[in-house]
Protein chains: 2
Amino acid sequence: MIRIGIMGYGNLARGVECAIAQNPDMVLAAVFTRRDPAGVSILTPNVPVLSADKAAEMKDDIDVMILCGGSATDLPAMTPRFARDFNVIDSFDTHANIPAHFAAVNAAAEESGHIAFISLGWDPGLFSVNRLYASAILPEGKDYTFWGKGVSQGHSDAVRRIPGVADARQYTIPVPEALDRVRRGENPQLTTREKHTRLCYVVAEEGADTAAIEQAIKTMPNYFSDYDTTVEFITAEEMAKNHSGLPHGGSVIRSGVTGWNKECTQTIEYTLKLDSNPQFTASVLVACARAAMRLSARGVTGCRTIFDIAPADLSPLSREEMLAHLL
Amino acid sequence: MIRIGIMGYGNLARGVECAIAQNPDMVLAAVFTRRDPAGVSILTPNVPVLSADKAAEMKDDIDVMILCGGSATDLPAMTPRFARDFNVIDSFDTHANIPAHFAAVNAAAEESGHIAFISLGWDPGLFSVNRLYASAILPEGKDYTFWGKGVSQGHSDAVRRIPGVADARQYTIPVPEALDRVRRGENPQLTTREKHTRLCYVVAEEGADTAAIEQAIKTMPNYFSDYDTTVEFITAEEMAKNHSGLPHGGSVIRSGVTGWNKECTQTIEYTLKLDSNPQFTASVLVACARAAMRLSARGVTGCRTIFDIAPADLSPLSREEMLAHLL
């Protein structure tokens, strides 16, 4: 049995807890929290909830620690710190800072002799690995990534910070015509605006100036100003009824040419449709925990990514089962 | 530079030759044929075409030999034979015989200290690896594989063997309603007939009994009798004009449930649309030759599949480039 620890207990951690229950070769050893453990109730019976500060005391009881913190402030410190005592897994997703995060985690994990997998999930993660396969197979081609339809938590938070906004949910939506052109292998040049639209559902505070809110959203740099954005004001009841989930998904598509005269077009598409973004991300983390355990048992140390995991190491199946049923 | 040898020189081999030209870290060292080498002209200038019997003399000049034989009769003997002198790659695709082929190749490759990758291409190959990723991430779910729209060479050959048939091309076509239901995450039970239809274009010999040909096709066991099959008789000119390519493709889809009460449906889809089946298969083989070279340099020996290749080993990019551009 692979003994998993969970650090932090939010949406992602609950997803990890659920995924562990779906994998018969894994057991949840403990959940750690920076809150008062007495106030945290988890789903799995008879599993301790402990203070994050006490994690090191459990280092002989946990094979892999899954770090369920946020990329902005938690993981940059958390992953190197816990890599000193554990094999660790994180979902660090700030693309621009991945090289720096990799270096910091690698130093800690090499020093302690642990393995650390960073930036796992679906993007970065499964989308990344599909970009890699596709670009290795079709060296002359072009990659496209479309996100959605799905809830962007970062964009939803940005709208919630606008004065007069009580609640907000932002959906990222691929432009159907752009997706069709890419799927047809046209390899178009697409601007940011041509690839995605943004749709915001907003609950305004009583008496708020909705025109001003709409204007503030549509002109917000980085988040909205480069997109065609639609803003719809709804009631708190509608929000709770229709927008309580965290669906997401998207597509990675590469079209390339092959043949002596580059006469053939070949298109590779990977598409996810997810009812729950955090539960799916968690399911990826848990499968990768299995690989971390195996690589650690072989003496591998240091920081790695999904690119370094041979697919066989993700699966509970034997080689014979894989050859017979999956190949 | 990775020095590649090509054994056999048909459609797949020509695709390999084209793919090598697209990869700047590779060079074609020699082409081997069982025919008279003087009668084989290849695309690449200044590369020798040699008799297959002389291959062993080139063993110090070739890093990876790509075996471009057929699965029915060539590869079962060819792959173990050449694994004695070379790191080898094949596209063995008779699913039911993969375990036996693996065992024979593994014995030869372990004895000689070479690495052998078998059953590479898109199915088996990329489809297999997507089945593995998806089943590891969503342990509670159901896999579907749809093939087409594309030309099945095995089915085309079967039609050509019917008396009175001068030429034939068979397209395998997924049933759109079945594909839609699977994409919606319904996890339907589908019979063979409900998943695919078959469309045959046939050039009849002069005076042939077309009704008898159509009947012979539609009732052919294993190949057609379990499917709704359409037969269209066309002229040799139409065949040459509209059906000279070998397009193919298909989709691997897994839908699974996550959450404590299995309340969320998550769907993973991998889809290929290929203008040329042999050129795309060849592109996979060539990317895997890079991995074979690297694993061999690390001392790995024996038979392996795409499940054993860490994705990073397929790519010519450095770790830094991968972290910055693909992750």
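These are my notebook entries on a predicted model with chains A and B.

**Entry 1. The interface**

I began with the place where the two chains meet. I counted 68 residues of chain B in contact with 68 residues of chain A. Together the two chains bury about 6,200 Å² between them, and 64% of that area lies on carbon and sulfur atoms. I then looked up which residues contribute most on the side of chain B. B:Gln22, B:Trp260 and B:Leu327 supply 14% of the area that chain B buries against chain A, more than any other three residues.

Next I turned to polar links. The rule finds 30 residue pairs in polar contact across the interface of chain B and chain A, both residues being at pLDDT 80 or more. I also noted which elements give two or more residues to the side of chain B that touches chain A; among them are helix H1 (11-21), helix H4 (126-137), strand E12 (248-258) and helix H10 (277-297) of chain B. Strand E13(B) provides the largest share of that side, with 11 residues. By class, I recorded 36 nonpolar, 19 polar and 13 charged residues on the side of chain B that touches chain A.

**Entry 2. A strand pair across the chains**

I followed E13 further. Strand E13 (residues 264-274) of chain A is joined to E13(B) by nine bridges, and the two strands run antiparallel. Which residue of E13(B) is the bridge partner of A:Tyr270? I found that the partner is B:Tyr270.

**Entry 3. A salt bridge at the interface**

The rule finds two salt bridges across the interface of chain B and chain A. I examined one of them, in which the side chains of B:Asp308 and A:Arg319 meet at 3.4 Å, N to O. These side chains are also joined by a polar contact of 3.4 Å. I located B:Asp308 in the loop between E14 and H11 of chain B. Is B:Asp308 buried or exposed? Its relative accessibility is 18%, so B:Asp308 counts as buried, the limit for that class being under 20%. Leaving aside neighbours within four places in sequence, I listed the contacts of B:Asp308 as A:Ala310, A:Ala312, A:Arg319 and B:Leu295.

**Entry 4. The open sheet of chain B**

I traced four strands of chain B that form an open sheet in the order E8-E9-E10-E11, with mixed pairing. Strand E8 (150-151) and strand E11 (228-233) stand at the edges with a single partner strand each, so one side of each has no neighbour in the sheet. Strand E10 (residues 196-204) of chain B runs parallel to E11(B), and six bridges join them. Within this pair, B:Cys200 has B:Val231 as its bridge partner.

**Entry 5. Strand pairs in chain A**

I then looked up the pairing of E8 to E11 in chain A. Strand E8 (residues 150-151) and E9(A) pair in the antiparallel sense over two bridges, and A:Tyr171 is the bridge partner of A:Val151. E9(A) is also joined by nine bridges to strand E10 (residues 196-204) of chain A, again running antiparallel; here A:Ile173 is partnered by A:Thr197. E10(A) and strand E11 (residues 228-233) of chain A pair in the parallel sense over six bridges, with A:Thr229 as the bridge partner of A:Arg198.

I checked how far two of these strands are covered. In strand E9 (residues 165-174) of chain A, seven of the 10 residues are buried. In E10(A), seven of the nine residues are buried, so this strand is largely enclosed by the rest of the structure.

**Entry 6. Helix H2 of chain A**

In helix H2 (residues 75-82) of chain A, I found A:Leu75, A:Met78, A:Thr79, A:Pro80 and A:Phe82 buried. What do the buried residues of H2(A) pack against? I recorded strand E1 (2-7), strand E4 (64-67), strand E5 (87-89) and helix H3 (98-112) of chain A.

**Entry 7. Backbone details**

I noted a cis peptide bond between A:Asp123 and A:Pro124, with omega about 5 degrees. A:Pro124 sits in the loop between strand E6 (115-117) and helix H4 (126-137) of chain A. Another cis peptide bond joins A:Gly148 and A:Lys149, with omega about 0 degrees.

In chain B, I noted that B:Asn46 has a positive phi of about 60 degrees although it is not a glycine. B:Asn46 has 81% relative accessibility and therefore counts as exposed.

Conventions: Residues numbered from 1 in each chain as written. Chains lettered and ligands numbered in written order. Predicted model: local features only at pLDDT ≥ 70, side-chain atom pairs only at ≥ 80, totals over all residues. Heavy atoms only, no water. Buried < 20%, exposed > 50% of the residue type's maximum accessible area, 1.4 Å probe, protein only. Contact = heavy atoms within 4.5 Å. Buried area = accessible area lost by both parts, 1.4 Å probe. Salt bridge = Lys/Arg side-chain N within 4 Å of Asp/Glu carboxyl O. Polar contact = N/O pair within 3.5 Å; in protein donor to acceptor, adjacent residues only side chain to side chain. Nonpolar A, V, L, I, M, F, W, Y, C, P; charged D, E, K, R; others polar. Pairing = 2+ DSSP bridges.
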